Amino acid sequence: GVSPAFAWSANGRLFAAACGKEPTLSIWRCNGNQPLINERPLGTVNAKAVGNSFFDPDVEAVFAGFGSLVFSPDGRHIALTLKYAGDWADDLLFVGEVPTLQQELLVQASGTITDCSWTFNSRKLVYSAGGQAYELPLEEEISSPLPFSAELSRCHDWWPLCASYSWWLRNSSKGRLAI
């Protein structure tokens, strides 16, 4: 089966879920704290179609499910990790407009994406892939490696801070926290 992912927007008015036999990402309105999943979604995108449009047709890319799913703090964007099978498979990071899910960015990571977080101002994503931390400014559309390794990253809700943690350090039984 396909691993699912879901999230609420910061204001709680929207709910997103990535799941299903035909894997899709959908966004619904909420009534109070209840997602209206029995209604028609505000936006839907087929994850396999997005991923297959990115890869060379001669390369077999096997979709394996979803990873991190996060709304931007301003509620205008959503980011979703599309996971691919294989030890050396590179995951994709899909960024869509809310609520239509029109594709804004599709970035191929270097390795498996283990985490993703938005900066407080919704202008950048910080994500971890293949044991390395990266930042992705929305206006530049190109990821840049940060000067530290990380498998887990969390941006502060209202300060320009991010904490990243790495537990895969060589020759060490301890992890490293970078802020």
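The exercises below, each with a worked solution, deal with pockets, a cavity, a surface patch, salt bridges and backbone geometry in a predicted model.

Residues are numbered from 1 along each chain as its sequence is written, and side-chain values use heavy atoms, with hydrogens and water left out. Because the model is predicted, local features need pLDDT of at least 70 and side-chain atom pairs count only at pLDDT 80 or more, whereas totals for chains, interfaces and linings use all residues.

**Exercise 1.** Describe the largest pocket by its volume, its lining residues and the strands that contribute to the lining.

*Solution.* Start from the terms: on a 1 Å grid over the protein atoms alone, a pocket is an open set of points with protein on both sides within 12 Å along at least five of seven lines, a cavity is a set of points where a 1.4 Å probe fits but cannot get out, and lining residues have an atom within 4 Å of a point. Grid points are joined across faces, edges and corners, and a volume is the space filled by probe spheres set on the points. With these terms, the largest pocket has a volume of about 290 Å³. Its lining consists of 17 residues, and those nearest the centre are Val70, Phe71, Ser117, Trp118 and Asp157. Next, assign the lining to elements, where helices (H or I, at least four residues) and strands (E, at least two) are DSSP runs numbered from the N terminus. Two or more lining residues come from each of strands S1 (5-8), S6 (63-71), S10 (113-118) and S14 (152-155), and S10 gives the largest share, 4 residues. Last, sort by class, with Ala, Val, Leu, Ile, Met, Phe, Trp, Tyr, Cys and Pro as nonpolar, Asp, Glu, Lys and Arg as charged, and the others, Gly among them, as polar; the lining then has 10 nonpolar, 4 polar and 3 charged residues.

**Exercise 2.** Treat the second largest pocket by the steps of volume, central residues and class.

*Solution.* The volume of the second largest pocket is about 200 Å³. Its lining holds 16 residues, and Thr119, Lys124, Val126, Glu135 and Cys162 are the closest to its centre. Strands S11 (124-129) and S13 (144-149) each supply at least two of the lining residues, and the division by class is 9 nonpolar, 3 polar and 4 charged.

**Exercise 3.** How many cavities of 30 Å³ or more does a search of the whole structure find, and which residues line the largest cavity?

*Solution.* The search finds 1 cavity of 30 Å³ or more, and the volume of the largest cavity is about 30 Å³. Leu25, Val45, Ala47, Val50, Leu80, Leu82 and Phe94 form its lining, to which helix H1 (47-54) and strand S7 (77-84) each give two or more residues. By class the lining has 7 nonpolar, no polar and no charged residues.

**Exercise 4.** Which salt bridge links strand S10 to strand S14, and is each partner buried or partly exposed?

*Solution.* A salt bridge is a side-chain nitrogen of Lys or Arg within 4 Å of a carboxyl oxygen of Asp or Glu, and by this rule the count comes to 4. Among them, Asp115 and Arg154 meet with an N to O distance of 2.4 Å. Asp115 belongs to strand S10 and Arg154 to strand S14, so the bridge ties together parts that are 39 residues apart in sequence. For accessibility, buried means under 20% relative accessible area, exposed over 50%, and partly exposed in between (1.4 Å probe, protein chains only). Asp115, at 5%, is therefore buried, while Arg154, at 48%, is partly exposed. Another of the bridges joins Asp91 to Lys83, with the closest N and O atoms 2.8 Å apart, and both Asp91 and Lys83 are buried.

**Exercise 5.** Locate the cis peptide bond that leads to Pro99, and compare the surroundings of Leu101 and Glu141.

*Solution.* Most residues other than glycine have a negative phi, and most peptide bonds are trans. The bond from Val98 to Pro99 is cis, with omega near 5°, and Pro99 is found in the loop between strand S8 (92-97) and strand S9 (103-108). Leu101 lies in the loop between S8 and S9 and has a positive phi of about 65° although it is not a glycine. Glu141, in the loop between strand S12 (132-137) and S13, also has a positive phi of about 65°. Leu101 is buried, because its relative accessible area is 3%, whereas Glu141, at 49%, is partly exposed.
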